[in-house]
Amino acid sequence: MTVTDAAVEAVQAGWEAPEALLRADPQVADLLAGEAVRRAESLQLLAGENLTSPAVLAALAGPLVDKYAEGYPGRRHHTGCALADAAELLAVDRAKQLFAADHANVQPRSATSAMLATYAALLKPGDGVLAMSLEHGGHLSCGSRANFSGRWFDFIGYGVHEKDGLIDLDQVHELAKLHRPKAIIAGGISYPRQIDWEGFRRIADEVDAYLIASAAQITGLVAAGQAVSPVPYADVTVAATHKLLRGPRGGLLLCTAELADRMDRAVFPFSQGGAAMNEVAGKAVAFAEAGTPEFGAYVRRAVEGARSLAAALGEAGARPLTGGTDTHLVTADVSPLGLTGLEAERRCASAGLMLGKCALPYDPAPATECSGIRLGTGALAAQGMGQEQFAELGELLKSLLSGGDAGLIGGRVRALAQAFAGRR
């Protein structure tokens, strides 16, 4: 594909390369155009992926992209930061209001870096931490040996009931009493149900532990009032500003007033240098948009779509974990269909359905193949898809996982994708 061909197809897909980029680096322009075309011809069902809003995109490309503003408002290490200060203060105030939090830090570059700062503020190397095990849906920053968390701290993993897939709060209680951890982390990346934050709070209080909410996946749900907020219960809430919130890729820390100074110092100067001020501005925009009725309607559409897809997977013979979902996430066991998660992922990708394989609790399959798939409805709902489209998508998933013709199904996927191409 030539640059010209790619550019033309990208415009048809809803994206046009800026003239400056076409002149300066046609190779990169070609790659970006190709990505726009890929998205226009497939359906994005990856659980952690979404589309930033047009207003957030505009903020990311604005003048603050060039501003170096190391430190905090009123205490920068560089001059010329008055407007950067104003942008950050606006983002902080909006985050506090949106989530009813005592304090917010909007500088973390990701939820993982926000979790690193949380550990730095509350723990010492070698301290014990009780968190959802990775095998049952915990994040890699909650004890993976490949991650800083598993190398620096002593993690104990809790899990879910084998029968229904729900968090085993009795196990959490027993492990907390036995190990007396310094912190307890509630939440994970694959858990599709509401979390009993109050129950976790009671356990943390009993063993005198900090309670950290791992809320990256549900940040948008909480903002829209579609999930119980962890903020009133947790000492620190670790959130993400992309995923369902539709902001820039980045992290967010919400905490009690008592921990504010410690958390800020753990972000800067301990774990990060200067903030990306264009991302901070983009976060401010996202927080404002998340407080609108339109955003609430979007999140409800995403949840309804996820429930529709969970039901369709069940009808196909797969086993949705926990029997369904309360969120935009669906995790399902595809082994009853004679598939591994890897095979299902590849089969779906061949027809333009982009979702991910996923290890399941008590999974007998090797981690490289696993038995499950995980999908999310955030990006498709952001494009304007509703129940009619999710019902059609459910039928396509059922056909594909049941051995239907990938070529024929792929044509129907492309038609649906192209009908909503370029929308945000």
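Axes here are lines fitted to C-alpha atoms, for helices over the stretch in contact, and the angle between two of them runs from 0 to 180 degrees between N-to-C directions. With that in hand, the tour of this predicted model can start with a pair of helices. Helix α8 (residues 169–179) packs with α9 at an angle of about 15°, and their axes lie 10 Å apart. Because angles under 35 degrees count as roughly parallel, α8 and α9 are roughly parallel to each other. Their crossing is right-handed. On the α8 side, the contact is made by L169, V172, H173, A176 and K177, which meet G199, F200, I203 and E206 in α9. Sorted by character, the residues of this contact comprise five nonpolar, two polar and two charged.

The next stop is a sheet. Seven strands form an open sheet with mixed pairing, in the order β5-β11-β10-β9-β8-β6-β7. At the edges stand β5 (103–105) and β7 (154–158); each has a single partner strand, so one side of each is left without a neighbour in the sheet. On average, neighbouring strands of this sheet are turned by 20° against each other, direction ignored. In general, the strands of a sheet pair through backbone hydrogen bonds, and they do so either parallel or antiparallel. Within this sheet, strand β10 (residues 236–240) and strand β11 (residues 251–255) run antiparallel and are joined by five bridges. Here T237 has L254 of β11 standing opposite.

Helices also pack against these strands. Helix α5 (residues 82–99) lies across β5 and β11, and runs at about 130° to β5. Helix α9 (residues 197–206), already met as the partner of α8, packs on the sheet too, where it touches β7, β8 (183–186) and β9 (210–214). The direction of α9 makes about 170° with that of β8. The loop between α5 and β5 holds A100, a residue with a positive phi of about 50° although it is not a glycine. Another local backbone feature is found at F268 and P269, which are joined by a cis peptide bond with omega of about 15°. Of these two residues, P269 is found in helix α11 (residues 260–271).

A second sheet can be described in a similar way. Four strands make up this open sheet, in the order β13-β14-β17-β16, and the pairing is antiparallel. Its edge strands are β13 (319–320) and β16 (356–358), each of which pairs on one side only. Three bridges link β16 to strand β17 (residues 372–376) in the antiparallel sense, and K357 has I373 in β17 as its bridge partner. Helix α13 (residues 293–316) packs on this sheet and touches β13, β14 (329–333) and β17. The direction of α13 makes about 10° with that of β14. This helix has 24 residues and reaches 35 Å from its first C-alpha to its last, close to the 34 Å expected at 1.5 Å a residue. After α13 comes G317, whose phi is positive, near 105°.

The remaining helix contacts centre on α16. Two packed helices are generally described by the angle between their axes and the distance between the axes. For helix α16 (residues 387–401) and helix α17 (residues 406–419), the angle is about 165° and the axes are 10 Å apart. Since angles over 145 degrees count as roughly antiparallel, that is the relation of α16 and α17 to each other. The crossing of these two helices is left-handed. In α16, the residues Q389, E392, L396, S399 and L400 meet A406, I409, R412, V413 and L416 in α17. The residues of this contact divide into six nonpolar, two polar and two charged.

Helix α14 (residues 341–350) is another partner of α16: the two pack at an angle of about 120°, with their axes 10 Å apart. That angle makes α14 oblique to α16. The crossing of α14 past α16 is right-handed. Here A344, R347 and C348 in α14 meet L397, L400 and L401 in α16. The residues of this contact comprise five nonpolar, no polar and one charged. L400 of α16 thus takes part in the contact with α17 and also in the contact with α14.

Technical notes:
Residues are numbered from 1 along each chain as its sequence is written. This is a predicted model: local features need pLDDT of at least 70, side-chain atom pairs count only at pLDDT 80 or more; totals for chains, interfaces and linings use all residues. Side-chain values use heavy atoms; hydrogens and water are left out. Two strands pair if DSSP finds at least two bridges between them. Contact means heavy atoms within 4.5 Å. Angles under 35 degrees count as roughly parallel, over 145 as roughly antiparallel, 65 to 115 as roughly perpendicular and the rest as oblique. A crossing is left-handed if the near helix is turned anticlockwise from the far one by less than a right angle, and right-handed if clockwise. Ala, Val, Leu, Ile, Met, Phe, Trp, Tyr, Cys and Pro count as nonpolar, Asp, Glu, Lys and Arg as charged, and the others, Gly among them, as polar. The expected span of a helix is 1.5 Å times one less than its number of residues.
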